[in-house]
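User: I am new to this structure and would like to understand what makes each label in its description apply. Please set the values against the definitions as we go.

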Amino acid sequence: MDIKKTYDTYVLHTYNRVGPIFVRGKGSFLWDTRGEKYLDFFPGWGVSILGHAHPQLAKVLAHQARTLVHLPNNLYHPHQALLAKKIIASSFPGKVFFANSGAEAIEGALKLARAYGKGKRFEIISMEKAFHGRTFGALSATPQAKYQKPFEPLLPGFRSARFGDFEDFVSKVNEKTVAVILEPIQGEGGVNIPSAAYFAKLREFCTQHDILLIVDEVQTGMGRTGTLFCFQNFKITPDVVTLAKGLGGGFPISAFIVQSRFADVLGPGLHASTFGGSPLATRVACEIFDIIKREHILANVHEIEKLCACRLLSFKKRFSIVKDVRGMGAMWAIELAKDGFDFTLRALKEKLILNCTQKVVLRIMPALTITQTVLEDGFRTIAKLLERY
Ligand SMILES: *Cc1c(COP(=O)(O)O)cnc(C)c1O
């Protein structure tokens, strides 16, 4: 069977797929149908934080699949409660709602904001170059023309401000503003890192004006930036936090966390998800938390950060094509002076998987379990390619 032809015939063409057909993964590596091995510097688009096919995760997944997969949310099972407790113990006092994808977690957070505003305040400020997902609410908070234009009119009540610019944010606030939503580090927007002072000012202003501070940690959460949640790097406590990508290590699960004082805004019947927080999904996510502790994942992220910072800075010095490098933890960008998509194709030919975003930004988000040796291998390939690009 020709798999690519079958895709073309039967799968909606909403993605431009490239490369071979992958059949197997292990840690930071993937294998294709011909048995060729690839180094994955972007496993699962930031999802597969423990790499591919982590043995302990696979074991727990299989065991839970044989025990109890799904249960409706009007009944109790242990794992949803235990996962919520773990999430709260590692974030801030509050409560958790479970869903299945990043966009869904965002939808829930936006609905909470609307409910909190009681119809009087309903405007939500999001940031230029933000990415919050493809559903209508999440898309309305994603002020990028390429994603929004074909689907207009979007939800009313959204305004955008410049990311990292506190004065611009304040200028967009009015008596109808109920919430602000932002990524602590913009991922799809090009790995853009604001200052801690910006977050401190945002936090203070939101508290003073009773505006919900919603931090989207769908990409930055679960250890990606060196702390379990990225807001901890910036030493602020958000009112609402969304989680998804790394939360299940590849198994679909998302959540949003709400500070205690807003925990009653969404009461019985106001929000729901059929699949959200299933025994299988929450059991797997509990294991992710345990593995992060047991395998000292955050310590490894610090090692990853040191090596990435060092190698990327040297690329900037050596290659004039490299305009800027930036990042934190295991989330890095090499901004090129020209289009980077072709670079990712060349990398693929060299058996290295990279991502390109915002046309010119090469994005590196390795598994948080990656070793120094494997990282160095990938950086050697990148250096070789940069030399000729
Ligand atoms: C990926 C992403 C989303 C959307 O997640 P989906 O699971 O694709 O809906 C939302 N916010 C951020 C910051 C993301 O990186």
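Analyst: A polar side-chain atom of Asp 216 lies 2.7 Å from a nitrogen atom of the ligand. This is a predicted model, in which local features need pLDDT of at least 70 and side-chain atom pairs count only at pLDDT 80 or more, while totals for chains, interfaces and linings use all residues. Residues are numbered from 1 along each chain as its sequence is written, and side-chain values use heavy atoms, with hydrogens and water left out.

User: What makes the approach of Asp 216 to the ligand a polar contact?

Analyst: A polar contact is a pair of N or O atoms within 3.5 Å (within protein, one must be able to donate a hydrogen and the other to accept it, and residues adjacent in sequence count only if both atoms are side-chain atoms). The 2.7 Å between Asp 216 and the ligand nitrogen is within that limit, so the pair qualifies. A polar side-chain atom of Lys 245 lies 2.6 Å from an oxygen atom of the ligand, and a polar backbone atom of Gly 102 is 2.8 Å from a ligand oxygen. Taken alone the ligand exposes 380 Å², of which the protein buries 79%; these areas come from the Shrake-Rupley method with a 1.4 Å probe, and for residues only the protein chains shown count as cover.

User: Which residues are around the ligand, and how do they divide into nonpolar, polar and charged?

Analyst: A residue is near a molecule or strand if one of its heavy atoms lies within 4 Å of it, and the residues around the ligand include Ser 101, Phe 131, His 132, Glu 183 and Val 218. The shell divides into three nonpolar, five polar and three charged residues, where Ala, Val, Leu, Ile, Met, Phe, Trp, Tyr, Cys and Pro count as nonpolar, Asp, Glu, Lys and Arg as charged, and the others, Gly among them, as polar.

User: Why is Asn 192 called buried?

Analyst: Buried means under 20% relative accessible area, exposed over 50% and partly exposed in between (1.4 Å probe, protein chains only). Asn 192 has 18% relative accessibility, so this residue counts as buried. Its place is in the loop between β7 (177–182) and α8 (196–208), where the side chain of Asn 192 makes a polar contact of 2.9 Å with that of Gln 186 and also reaches the backbone oxygen of Gly 189 at 2.9 Å.

User: Why is Ile 21 called partly exposed?

Analyst: At 26% relative accessibility, Ile 21 falls between the two cut-offs and therefore counts as partly exposed. Ile 21 is in the loop between α1 and β1; helices (H or I, at least four residues) and strands (E, at least two) are DSSP runs, numbered from the N terminus.

User: Where do Met 222 and Lys 359 lie, and what is notable about phi in each?

Analyst: Met 222, in the loop between β8 (212–216) and β9 (240–243), has a positive phi of about 65 degrees although it is not a glycine. Lys 359, in the loop between β14 and β15, likewise is not a glycine and has a positive phi, near 65 degrees. Met 222 has a relative accessible area of 1% and so is buried, whereas Lys 359, at 62%, is exposed.

User: How do you know that β1 and β2 are paired?

Analyst: Two strands pair if DSSP finds at least two bridges between them, and four bridges join β1 to β2, which run antiparallel; Arg 24 stands opposite Trp 31 in β2. The two strands form a hairpin with two residues between them, and Gly 27 in the turn has a positive phi of about 60 degrees. Three bridges join β2 (residues 29–32) to β3 (residues 37–40), again antiparallel.

User: Why are β1 and β13 said to stand at the edges of their sheet?

Analyst: The open sheet has four strands in the order β1-β2-β3-β13, with mixed pairing. Because β1 (22–26) and β13 (352–353) each have a single partner strand, one side of each is left without a neighbour in the sheet.

User: How does the span of helix α12 compare with the value expected?

Analyst: Helix α12 (residues 372–388) has 17 residues and reaches 25 Å from its first C-alpha to its last. The expected span is 1.5 Å times one less than the number of residues, which gives 24 Å here, and the computed value is close to that. The buried residues of α12 include Val 374, Phe 379 and Leu 386, while α1 (residues 3–10) is hardly covered, with zero buried among its eight residues.
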